[in-house]
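Me: I have a model open and want to learn how to read its strands, helices and odd backbone spots. Can we go through them one at a time?

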Amino acid sequence: MTPNLTLTGIPGVRVGHWTHAEARTGCTAILLPPAGAVASASFLGPSPGTREGVLLAPEKKVERIHALLLTGGSAFGLAAASGVVRVLEELGVGHETPWARVPIVPAAVIYDLGVGRADVRPGDAEGERAARAASSDPVPRGLVGAGTGATAGKYLGRGAVPGGLGSVLLERHGVRVGALAVVNPIGDVLDERGGVLAGPGIGPGAAVFTPGDAENTTLVAVVTEHALSKAECRRLADAAQAALARVIHPSHTFWDGDSAFMVSTGTLPAADPLLLGALVQEAVCAAVRDAVRCSNPASYQQ
């Protein structure tokens, strides 16, 4: 049997998409084990759009989340997280409080309103559909879910190429990390040798640098089975952001809202921190490149 080399290769993780191909938008629900998982995040992009992002800071009380929602639709798309919450409530999953279990579902968005139909964006019902579609099967990649309207290489104000959604699973010396990326940067995506994989490849020094009011963002979710504290998750989320600077040029610009989530299901003992940090960065770079290659199958060999 072919191994699952995507994020759902991590036991207990399920992923589902809602996709509107005509409107070029969608959302992606990442469901975690019912008991939840320790998580934190890093929002280094100057223009992030998030829900419950502050809750993920290491000093905040709640440590465990139950799902993540990555979505198109800009700020409108954050409504899709409510549909994921409803599905988890039906399943009896959530943070225990005296009167109810409250599912914790952080979310982050990309701006894709300019590539399809701006009046169609993920909402409550679409988030519910993505959550109900979640499975442990290999993650469908390319122009699906939150990556449907994602594009890259937009700093000329024209000529953008599909960015899409990618996912990988890496393992070294018994340490395993899965990553999922929604690739919507203003900059170029670089290949393993530093060449241009997606984008015009001229760079922001071009005299025709005209991003205008373009909105861009790359979203990353990284999951490991190895035990981590919330503070350790935050440090690895920062490492994931550093990886974006290796694979996207330029990254973290004034027009980007780059967001990285780091999640630990904690089912395995703690791993060597140096190895784990290196794997997180490798997985992020690989997931970003996977998104571009899966979204442009005529141009790249799989």
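**Reading the fold**

Reply: Start with one strand, β16: T217, L219, A221, V223 and E225 point one way, T218, V220, V222, T224 and H226 point the other way, and all are buried. Buried means under 20% relative accessible area, exposed means over 50%, and partly exposed lies in between (1.4 Å probe, protein chains only). Strands (E, at least two residues) and helices (H or I, at least four) are DSSP runs, numbered from the N terminus.

Me: What kind of model is this, and how are residues numbered?

Reply: This is a predicted model: local features need pLDDT of at least 70, side-chain atom pairs count only at pLDDT 80 or more, and totals for chains, interfaces and linings use all residues. Residues are numbered from 1 along each chain as its sequence is written, and side-chain values use heavy atoms, with hydrogens and water left out.

Me: How many residues of β16 are buried?

Reply: Ten of its ten, so the strand is mostly covered.

Me: Which strands pair with β16, and in which sense, parallel or antiparallel?

Reply: The general idea: strands of a sheet pair through backbone hydrogen bonds, either parallel or antiparallel. Here a pair counts if DSSP finds at least two bridges between the strands. β13 joins β16 through eight bridges, and these two run antiparallel. V183 stands opposite T218 of β16. With β18, β16 pairs in the parallel sense over seven bridges. There, F261 of β18 is the bridge partner of A221.

Me: In what order do the strands of the open sheet run?

Reply: Six strands form it, in the order β5-β3-β18-β16-β13-β12, and the pairing is mixed. The edge strands are β5 (64-65) and β12 (165-172), each pairing on one side only. At the β12 edge, eight bridges tie β12 to β13 (residues 175-184), and the two run antiparallel. V168 stands opposite A179 in β13.

Me: Which helix packs on this sheet?

Reply: Helix α3 (residues 230-247) does, touching β3 (37-43), β16 (217-226) and β18 (259-268). Contact means heavy atoms within 4.5 Å. The direction of α3 makes about 40 degrees with that of β3.

Me: How do I read two helices that meet, such as α1 and α2?

Reply: Two packed helices are described by the angle between their axes and the distance between the axes. The axes of α1 (residues 80-90) and α2 (residues 124-132) come within 6 Å and cross at roughly 50 degrees. That makes α1 oblique to α2. Angles under 35 degrees count as roughly parallel, over 145 as roughly antiparallel, 65 to 115 as roughly perpendicular, and the rest as oblique. Axes are lines fitted to C-alpha atoms, for helices over the stretch in contact, and angles run from 0 to 180 degrees between N-to-C directions.

Me: Which residues of α1 and α2 meet?

Reply: From α1, A80, S82, G83, V84, R86, V87 and E90; from α2, D124, G127, E128, A131 and R132. By class, the contact has four nonpolar, three polar and five charged residues.

Me: Where are the odd backbone spots?

Reply: Look at the loop between β17 (248-249) and β18, where P250 is found. A cis peptide bond joins H249 and P250, with omega about -10 degrees. H252 lies in the loop between β17 and β18 as well. H252 has a positive phi of about 50 degrees although it is not a glycine. H252 is partly exposed, at 22% relative accessible area.

Me: Where is R24, and what is its phi?

Reply: R24 is in the loop between β1 (14-20) and β2 (25-31). Its phi is positive, about 55 degrees, although R24 is not a glycine. R24 is partly exposed, with a relative accessible area of 27%.

Key
Nonpolar A, V, L, I, M, F, W, Y, C, P; charged D, E, K, R; others polar.
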